[in-house]
Every structure is written in C-alpha cells, then in structure tokens.
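Open your viewer, load the model and keep the selection box handy. We will go from stop to stop, and at each one I will say what to pick and what is there.

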Amino acid sequence: MAKPARLIDAIDTAPAFVQADADRLNARFAGAGTAEMLAELLTTELKGRIAIVSSFGAESAVLLHLVANIDKDIPLIFVNTQKMFGETLAYRDALSEQLGYTDLRVFRPDPYDLAAADKTGLRWSYDPDGCCDLRKVRPLRRALQPFDAWISGRKGFQAKTREALPRFEIDEGRLKLNPLADWDKARLDAYFEEHKLPRHPLEAQGYPSIGCSPCTSKVLPGEDPRAGRWRGWDKVECGIHGQESPEPDEPVF
C-alpha cells in the first residue's frame with residue numbers, strides 16, 4: 001500500500017490585512033463613538049494581535065487613557081530615538097504608570113546601524129529623513145513584527161497631509177487604527193480637562209507638537225501646530241506615516 005504523500009511545510013507570507021479589510025471597517029464603524037469602537041475591536045477580533053504605539057507627545061494622554069480603560073495589558077510601544085527630550089522620557093514613565101499599563105516596550109535604534117550611518121550623532125542636521133529612518137522607522141518595524149495591527153494617535157487637524165485621515169488604513173500589510181482621526185483640538189482639550197490628565201511639561205513652554213529634541217522648536221502664535229517640527233526643512237512626517245522610507249536592508253549612507 002502506498003504511503004501518503006508527505007505534506008511540505010509552508011510559510012504563509014500573505015499580509016494579515018488588505019485594503020478591503022480597512023474599507024470594510026471604515027464602513028462598519030462610520031459614525032460610531034471612539035471608545036465604543038475601540039472596546040469592540042480590542043476585546044474581540046484584534047485582541048492579542050494589536051499594539052498601541054505612542055510618542056508620549058503633547059496629546060498622547062487622550063488615546064492612552066481611552067485604551068487603558070479597555071485593556072491595560074495591551075502592548076504599549078515607545079521608540080526611544082536617543083534624541084528625545086528628557087521631559088518626554090519622564091512623562092512616559094509617569095503617565096504609563098498612572099494609567100496602569102503593564103507591558104511598556106521600549107525600542108531603540110540598532111547600534112550597528114548608528115555606527116555605520118550616524119557615527120557622530122549629527123545626521124539630523126544634514127539628512128533628517130535618513131536620521132528618522134535609522135532612529136524611528138527601523139526600530140518601529142522591529143517592534144511591530146509580532147503584531148497584525150497597531151494603534152496610532154494621529155489626528156486629521158494636525159497637518160494638511162493628515163486632513164483626509166481615515167480611521168482604518170493598511171500599512172505594510174498591517175491594519176493601522178487612527179481612533180482620533182476626526183478629533184479636533186477643542187475636543188482633545190475637553191477630554192484632558194474631564195479626566196484630569198497630566199499635560200506634557202513642554203506644552204506650556206510653546207511646544208504643541210513634540211518630537212526629537214534637535215528637530216523640535218517652539219511654535220509661534222498663529223503658526224501650524226506642527227510648524228516647530230523640522231523647521232527649515234521640506235519635511236512634515238518622520239517616515240512612519242505616509243512617507244516613503246528605505247527598506248530595512250537598503251543602505252542609507
């Protein structure tokens with residue numbers, strides 16, 4: 001009697017989500033409340049498959065509070081570019097502790113990448129795109145490897161490049177959630193007040209949008225909230241959102 005053919009092991013390389021999934025979810029949750037949408041997804045189909053990514057910037061506490069009310073054990077990812085404000089690092093520790101997060105994961109740039117492409121630590125001053133790729137984009141790719149989906153804190157009002165921001169989109173084969181896409185500044189401020197959330201200490205000093213220390217400056221009255229990011233450069237995004245960046249094995253010299 002012939003033996004059954006041996007099954008050949010195979011690795012499924014198909015993306016976890018495709019654009020049709022994002023379209024379906026955008027339609028499904030059209031008009032739904034932010035907290036209700038998050039509660040439904042984080043306790044059912046995305047549970048164990050999703051992380052929240054936070055820069056612990058000026059408005060981060062709102063989304064972190066919303067998610068913590070649903071699941072304090074969700075992995076919370078922070079990319080420490082090693083160019084962060086000391087105030088941001090202190091705020092990260094205090095806020096994540098206050099909200100009760102149990103799984104804060106800190107990722108840093110690969111030291112071999114830095115030695116090869118930013119030995120002096122001054123790449124930000126002549127190639128901010130390359131610096132962001134080394135210090136933000138690549139570490140986040142590593143951080144997200146175990147997950148099929150992630151939560152971003154972007155809002156549509158923050159910049160012209162974000163005005164048409166959907167609640168759900170696809171990013172490198174993962175589902176990306178933008179729960180605060182349709183929130184404006186007044187609504188965020190009201191949420192801070194209602195829930196007595198602590199503000200980032202640099203906000204009161206004129207920093208409404210806070211990134212890495214060398215590339216973040218104070219914003220003058222009447223300027224766009226993100227005008228202080230990469231001032232003097234034709235650059236509005238770090239490369240994590242909506243901007244091409246080199247592949248992980250592509251040289252960045």
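Before the first selection, one term: a residue is buried when its relative accessible area is under 20%, exposed when over 50%, and partly exposed in between, using a 1.4 Å probe and protein chains only. Please keep in mind that this is a predicted model, where local features need pLDDT of at least 70, side-chain atom pairs count only at pLDDT 80 or more, and totals for chains, interfaces and linings use all residues. Residues are numbered from 1 along each chain as its sequence is written, and side-chain values use heavy atoms, with hydrogens and water left out.

**Stop 1: strand β1**

Select residues 50-53, which form β1. Helices (H or I, at least four residues) and strands (E, at least two) are DSSP runs, numbered from the N terminus. In a regular strand the side chains alternate between the two faces of the sheet. Here I50 and I52 lie on one side and A51 and V53 on the other, and all of them are buried, leaving both faces of β1 covered.

Now add the neighbours; two strands pair if DSSP finds at least two bridges between them. β4 (residues 149-151) runs parallel to β1, joined by 3 bridges, and β2 pairs with β1 in the parallel sense over 2 bridges. Centre on I52: opposite this residue in β4 is I151, while its bridge partner in β2 is L76.

**Stop 2: two loops with a positive phi**

Step on to F56, in the loop between β1 and α3 (60-68). F56 is not a glycine, yet its phi is positive, about 50 degrees. Is F56 buried or exposed? With a relative accessible area of 0%, F56 is buried.

Next pick Q82, in the loop between β2 (76-79) and α4 (86-99). Q82 also has a positive phi without being a glycine, about 70 degrees. Its relative accessible area is 44%, so Q82 counts as partly exposed.

**Stop 3: helix α2**

Select residues 34-42 and look down the helix axis. T34, M37, L38, L41 and L42 are buried in α2. They sit on the same side of α2 because they cover an arc of only 110 degrees around the axis, taken from the directions from the axis to the C-beta atoms. An α-helix has 3.6 residues a turn, so residues three or four places apart point the same way.

**Stop 4: a cavity and its cysteines**

A cavity here is a set of points, on a 1 Å grid over the protein atoms alone, where a 1.4 Å probe fits but cannot get out; lining residues have an atom within 4 Å of a point. Grid points are joined across faces, edges and corners, and a volume is the space filled by probe spheres set on the points. There are 2 cavities of 30 Å³ or more, and the second largest holds about 100 Å³. It has 14 lining residues, and those closest to its centre are C132, K136, C212, C215 and W230.

Show C132 and C212 as sticks: C132 is buried at 9% relative accessibility, and C212 is buried at 16%. How many disulfides (cysteine sulfur pairs within 2.5 Å) does the structure hold? The count is 0. For C212, the closest cysteine sulfur is that of C215, 6.4 Å away, which is too far for a bond.

**Last stop: R229**

Finish at R229, in the segment after α7 (185-195). R229 is buried, at 10% relative accessibility. Draw a C-alpha to C-alpha distance to G211: the two are 18 residues apart in sequence and 7.2 Å apart in space.

Notes. Disulfide = S-S within 2.5 Å. 1 Å grid on protein atoms, 1.4 Å probe; cavity = no way out; pocket = protein on both sides within 12 Å on 5 of 7 lines; lining within 4 Å.
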